[in-house]
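Student: I would like a close look at a single part of this model, one helix and whatever it packs against, and then a careful account of how that part sits beside the rest of the chain. Please take it in one connected answer.

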Amino acid sequence: MTRAKGPDRFVSARIGVPDLDASVAFYQTYVGLELVKNEGDRAFLRAGLPHHALELVHRPGIPKAEVAAITFATGKRDVLENRRESVAKLGYDVRPLSEGTAAYCADGFAVTGPNGLEWEFVHGYYEYVEPPFLVSTPDRIMHPFVRTDDYGATLQLATDGFGLQISDYVEDAMTFLRCEDRYHHSLALLKGSEFRIQHFSFIVADFDHLMRARARAQSHGITIKTDLVKHSGSTTIAFYLLEEAHGPEIELSYGHRRFSEEDHETAEPRRLASGARTEFDLWRESDSDWRGLH
Ligand SMILES: [Fe+2]
């Protein structure tokens, strides 16, 4: 029997921000995104070809940025239809897409997941024929990292509902999941005592891009929440920015491992033992050193 397919990739996030223009400037300057459109009450920014990687929604008065939605995309209509059914079967109320997403894809649906986060699944996401003409810009948005106190239901929505495959478990507390593009993880879930989107990750082209972005943040006084780390599962080298007015932590990274076509179809998830080196940074002196992961 052929495997029921999931989304090709994680494609975008929607974030409410208290000062739209300041957040647009932040993502342009320190993440390297290109502004697609600023409508005054919301703005779209892109990385690579897809229409947008971020939709920023102006929400005056909120004390800090709040993530509202995460969006996964497929290029195949039948995958969308299958997933609509899978999610409904889990008991979710399948609703139309938000206006900001519906305007830039052929079709899709949204559900309110555990913890109130909107999960969107789209088909025919609009794309450009060329990437942004910028000296330093990420290749793509890669994944959200979700800390949740409703871990089991979130994992079930991601696998049985949205169709992501599991790359690695870390004991019974963390799961890395991949899409059909075969990158090690397009979603990471961590069992926690509260719900929080801990970060969004972007992939840059090479080590020079990473270090230039890091130098720019350092010289402008942008908070580097965690400096260079090496992830074991994805093999990326990364650092994390944090400016709470603009969003959760932003991970800039390069070198994300892809599964071979064969492994993507046949590999069983690894079951890894917990430890700071396993989960966060291979370069840690000690496996019990959790600095930077909170
Ligand atoms: Fe990450």
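Tutor: In this predicted model, the buried residues of helix α2 pack against three strands, β5 (66-74), β6 (107-112) and β7 (118-123), and also against helix α4. The buried residues in question are V79, L80, R83 and V87, and because they fall within an arc of 100° when α2 is viewed down its axis, they line one face of the helix. On the face turned away from that buried side, α2 carries the exposed residues R77, D78, E85 and K89. The length of α2, which covers residues 77-89, agrees with expectation, because 13 residues at 1.5 Å a residue should span 18 Å and the end C-alpha atoms are 19 Å apart. After the helix comes G91, a residue whose phi is positive, near 100°.

The exposed K89 of α2 also gives a sense of distance within the chain, since its C-alpha atom and that of R14 are separated by 26 Å, with the two positions 75 residues apart along the chain. R14 belongs to strand β1, and R14 counts as buried because 22 other C-beta atoms lie within 10 Å. Leaving out residues up to four places away in sequence, R14 touches E55, V57, A68, A69 and G100.

Helix α4, the one helical partner named for the buried side of α2, comprises residues 151-161 and lies across β8, β9 (165-170), β10 (174-178) and β11 (187-191), running at about 160° to β11. These strands belong to an open sheet of 9 strands with mixed pairing, whose order is β13-β14-β15-β12-β8-β11-β10-β9-β16. At the edges of this sheet are β13 (224-230) and β16 (270-272), each of which pairs on one side only, and from one strand to the next the twist averages 20°. Within the sheet, β8 (residues 140-148) and β12 (residues 196-203) run antiparallel and are joined by 7 bridges, and V146 has I197 of β12 as its bridge partner.

Two loops of this region hold residues with an unusual sign of phi for their type. In the loop between β9 and β10 one finds E171, which has a positive phi of about 45° although it is not a glycine; with 13 C-beta neighbours inside 10 Å, E171 counts as partly exposed. The loop between β13 and β14 (237-241) contains T235, which likewise is not a glycine and has a positive phi of about 65°; T235 counts as partly exposed, with 15 C-beta neighbours inside 10 Å. In the edge strand β13 itself lies T226, which is partly exposed with 19 C-beta neighbours inside 10 Å. Apart from neighbours within four places in sequence, T226 is in contact with F239, Y240 and G292, while its C-alpha atom is separated by 16 Å from that of S286, 60 residues away along the chain.

Helix α1 can be read in the manner used for α2. Its 12 residues, 20-31, reach 16 Å from the first C-alpha to the last, close to the 16 Å expected at 1.5 Å a residue. The residues L20, S23, V24, F26, Y27 and V31 are buried, and because they cover an arc of only 160° around the axis, they sit on the same side of α1. The buried residues of α1 pack against β1 (9-17), β2 (34-38), β3 (42-46), β4 (54-58), β12 and β15 (249-254). Just after α1, G32 takes a positive phi of about 90°. Among these partners, β2 and β3 run antiparallel and are joined by 4 bridges, with E34 standing opposite R46 of β3; their hairpin has 3 residues between the strands, and there G40 takes a positive phi near 95°.

As for annotation, an unreviewed UniProt entry places the feature "domain: VOC" at residues 9-124 and 140-255. Over residues 9-124 the chain is 25% helix and 39% strand, with end C-alpha atoms 12 Å apart; over residues 140-255 it is 21% helix and 44% strand, and there the end C-alpha atoms lie 12 Å apart.

Key: Residues are numbered from 1 along each chain as its sequence is written. This is a predicted model: local features need pLDDT of at least 70, side-chain atom pairs count only at pLDDT 80 or more; totals for chains, interfaces and linings use all residues. Two strands pair if DSSP finds at least two bridges between them. Axes are lines fitted to C-alpha atoms, for helices over the stretch in contact, and angles run from 0 to 180 degrees between N-to-C directions. Two residues are in contact if their C-beta atoms, placed from the backbone, lie within 7 Å. A residue is buried if 20 or more other C-beta atoms lie within 10 Å of its own, exposed if 12 or fewer, and partly exposed in between; C-beta atoms are placed from the backbone. The expected span of a helix is 1.5 Å times one less than its number of residues. The arc is that of the directions from the helix axis to the C-beta atoms. UniProt positions are given in the numbering used here, feature names are shortened, and annotations may be inferred rather than shown by experiment.
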